[in-house]
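Hi,

Here is the structure I promised to pass on. My notes follow below it, so please have a look at the model first and then read on.

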Amino acid sequence: MPREEYQVPTTSGASSAGAMTRGATGGERHDSRAVMTYICGDCGGNVTLSKDALVACPHCAGRVLYKERTKRMVQFEAR
Amino acid sequence: MAPSRHAAPSAEEHLRRNTVGINKETVSNVSSTDFPGHFPGEDHAFSIEHFQSAFSIQFHRNEANDASFSLIGIDASLANAFRRILIAEIPTLAIEDVFIENNTSVIQDEVLAHRLGLVPFNGGREGIHNFLKWYKKPAAGEDQYANSFDWNTVRLELNVTCTVNQDAAPTENDPLKAYHHAHVYARDIVFAPTGRQAEYFSGENAIRPVNPDILIAKLRPKQTINLAMHMHKGIGADHSKFSPVATASYRLLPLIHITRPILGADAEKFQKCFPEGVIGLEPVTREDVSKAGSGYEGHLGEVKAVVKDSMKDTVSREALRHAEFEGKVKLGRRRDHFIFSIESTGQWDSDELFLESVKHLKLKCKKLEQQVINMVQ
Amino acid sequence: MPGRTKTQDDASSHDADMQDVPPSAQEAIGQDAEMREDAEAEEEEEEEEIEAQRVRILPGSTDTAASFEFTDEGHTLGNALRYIIMKNPDVEFCAYSIPHPSEPKMNIRIQTYDGTAVNALKKGLSDLQDVCDVVAEKFWSERQSFNAEQGIER
């Protein structure tokens with residue numbers, strides 16, 4: 001998938017990230033970007049971080065957070 | 001042009017012509033010579049009657065996934081055509097598209113898709129051979145699923161999530177015991193019949209992996225694989241996952257000719273130069289001794305080396321490396337005796353495959369014959 | 001890395017559900033027969049279309065000395081056909097070549113003493129079919145008797 005088509009995974013669903021250029025800020029877009037969900041590398045729990053939050057898992061204090069995988073279906077040729 | 005009555009070569013001469021010489025450092029007499037005009041006064045024109053009487057087949061082994069037989073009295077160009085068709089031109093069904101919904105395992109999407117593609121599948125023969133037809137990829141811009149129908153696409157699913165096994169001891173170190181679904185095997189793939197597929201692929205005819213124990217991925221708790229697959233028909237020339245055979249090969253029948261007696265300790269050493277069962281040891285008989293000029297005179301009762309089963313030989317040429325056998329043995333191969341070995345991957349039976357390759361070559365020629373007629377018009 | 005802990009159901013932002021991906025263009029079974037007929041009719045038309053000319057005579061050929069170009073054929077047919085044409089006593093010379101490995105083309109050169117090169121090619125193709133018949137027939141009868149002997153039932 002080309003990088004331009006990548007959509008930031010969000011829980012709200014109503015995202016216009018497809019049209020978003022890198023570094024775009026302001027308005028609604030800012031909101032959808034402001035909260036991101038990550039996965040804790042230690043406990044596997046969901047971690048939501050706001051813009052200036054400390055990078056750490058609130059449950060186990062693990063500091064390794066992974067980005068979520070895209071929720072799109074990705075197609076491959078078995079070759 | 002040619003005389004009406006042709007001389008036929010003697011059986012001895014025929015064998016000499018059809019023997020490829022295996023010498024110490026060279027191979028000799030490798031090309032076929034059975035063409036008209038090659039030997040003056042001999043007729044080598046093609047005739048189907050002559051081919052029919054000279055050609056024969058011997059079976060050695062016939063199991064579903066492993067067959068071995070000899071084609072005797074056929075040229076390498078034809079035997080090779082059958083072999084090539086077996087590998088590259090007989091259609092089979094294999095996973096072609098993988099739609100990955102979620103994959104949080106450590107194995108990357110594209111690697112996972114590739115692994116899935118190589119898994120051999122089996123299913124109802126009638127359905128696979130006759131009901132399922134070719135799939136044509138939609139053209140660019142066309143709807144991606146415009147050409148997908150129940151008669152050319154088989155849908156499979158794979159949904160596995162690894163979880164912690166609560167019953168396991170807390171100190172358990174074996175992931176297979178500590179977790180559920182720590183390994184994803186081919187048996188976890190689920191066939192999802194659509195349309196008329198239920199008629200052809202139900203019960204024991206269901207589309208299923210040939211070997212349920214093929215490892216596809218390894219998981220740890222909370223990792224999940226969630227995907228669907230489309231299978232299509234294809235040929236080995238396009239991608240080897242479509243090849244119906246694991247191996248399809250032939251070798252020429254080895255010949256071992258002991259020209260002068262090999263006796264006593266030499267005979268035992270000679271036996272060790274070949275794989276087991278190729279060379280036998282027998283006592284020199286009264287009959288051998290009485291034959292003048294045979295070299296056995298005065299050796300009554302000693303052991304001699306005899307060729308028991310040359311087919312088992314691997315033609316290692318070990319016997320040619322020892323001075324004591326110099327001039328006593330000749331190695332060769334029968335140029336027109338092909339020992340085929342076909343191992344099917346499971347979608348066809350091995351013997352059925354060979355027959356299919358013969359049919360395939362015939363069909364090819366038939367189509368091209370029509371094309372040649374069209375060309376001339 | 002641990003897996004995603006969210007269940008499938010709460011993932012409301014799926015861009016494409018697998019349900020949207022049809023394995024088969026038809027949905028209702030009632031529609032099936034109709035659709036299949038359409039599809040088959042279409043396919044037959046296509047097959048006729050596919051029968052494009054795959055053999056041609058190369059320029060510079062005469063009646064008794066001609067080169068033919070086969071598209072989408074390779075060593076499999078080339079060598080077998082070369083052998084069987086060489087067995088024809090009217091043929092002075094026959095050889096095949098694949099001029100370039102990345103072009104799906106195979107050339108056959110035929111020069112004859114008697115008759116035309118085209119007829120030699122035709123005879124070669126029909127002889128090859130006869131050979132296939134003999135091989136298939138002998139293979140089958142041999143297989144049947146071997147299976148009976150060994151008690152293999154398949």
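Before the findings, one convention: axes are lines fitted to C-alpha atoms, for helices over the stretch in contact, and angles run from 0 to 180 degrees between N-to-C directions. Two residues count as in contact if their C-beta atoms, placed from the backbone, lie within 7 Å. Helices (H or I, at least four residues) and strands (E, at least two) are DSSP runs, numbered from the N terminus.

This is a predicted model, in which local features need pLDDT of at least 70 and side-chain atom pairs count only at pLDDT 80 or more, while totals for chains, interfaces and linings use all residues. Residues are numbered from 1 along each chain as its sequence is written, and chains are lettered from A and ligands numbered from 1 in the order in which they are written.

I began with chain C. Three helices and four strands make up its secondary structure, in the sequence pattern α-β-β-α-β-β-α. The strands of chain C form an open, antiparallel sheet in the order β1-β2-β4-β3. β1 and β3 (91–97) of chain C are the edge strands with a single partner each, so one side of each has no neighbour in the sheet. From one strand to the next, the twist averages 20°. Strands are called paired if DSSP finds at least two bridges between them; β3(C) and β4(C) (residues 105–112) have six, in the antiparallel sense. One of the bridge partnerships there links Y96(C) with I108(C).

Two helices lie across this sheet. α2(C) crosses β3 and β4 of chain C, at about 175° to β3(C). α3(C) lies across β2 (65–71), β3 and β4 of chain C, at about 115° to β4(C).

A UniProt annotation from an unreviewed entry, "domain: DNA-directed RNA polymerase RBP11-like dimerisation", covers residues 66–137 of chain C. UniProt positions are given in the numbering used here, feature names are shortened, and annotations may be inferred rather than shown by experiment. That stretch of chain C is 46% helix and 29% strand, with its end C-alpha atoms 34 Å apart.

Which chain C element gives the most residues to the side that touches chain B? It is α3(C), with 22 residues. The contact as a whole takes 56 residues from chain C and 59 residues from chain B. The chain C side divides into 29 nonpolar, twelve polar and 15 charged residues (Ala, Val, Leu, Ile, Met, Phe, Trp, Tyr, Cys and Pro count as nonpolar, Asp, Glu, Lys and Arg as charged, and the others, Gly among them, as polar).

Now the interior. A residue is buried if 20 or more other C-beta atoms lie within 10 Å of its own, exposed if 12 or fewer, and partly exposed in between, with C-beta atoms placed from the backbone. A nonpolar core is a set of buried Ala, Val, Leu, Ile, Met, Phe, Trp, Tyr and Cys residues joined through C-beta atoms within 7 Å. The largest such core has 53 residues, and L86(B), I85(C), I110(C) and L121(C) have the most contacts inside it. α3(C) (residues 117–150) gives the most to this core, nine residues.

Finally, chain B: all twelve of the twelve residues in β5(B) (92–103) are buried, so this strand is largely enclosed by the rest of the structure. β5(B) pairs antiparallel with β4(A) (residues 74–77) over four bridges, and with β14(B) (residues 224–234) over ten.

Best wishes
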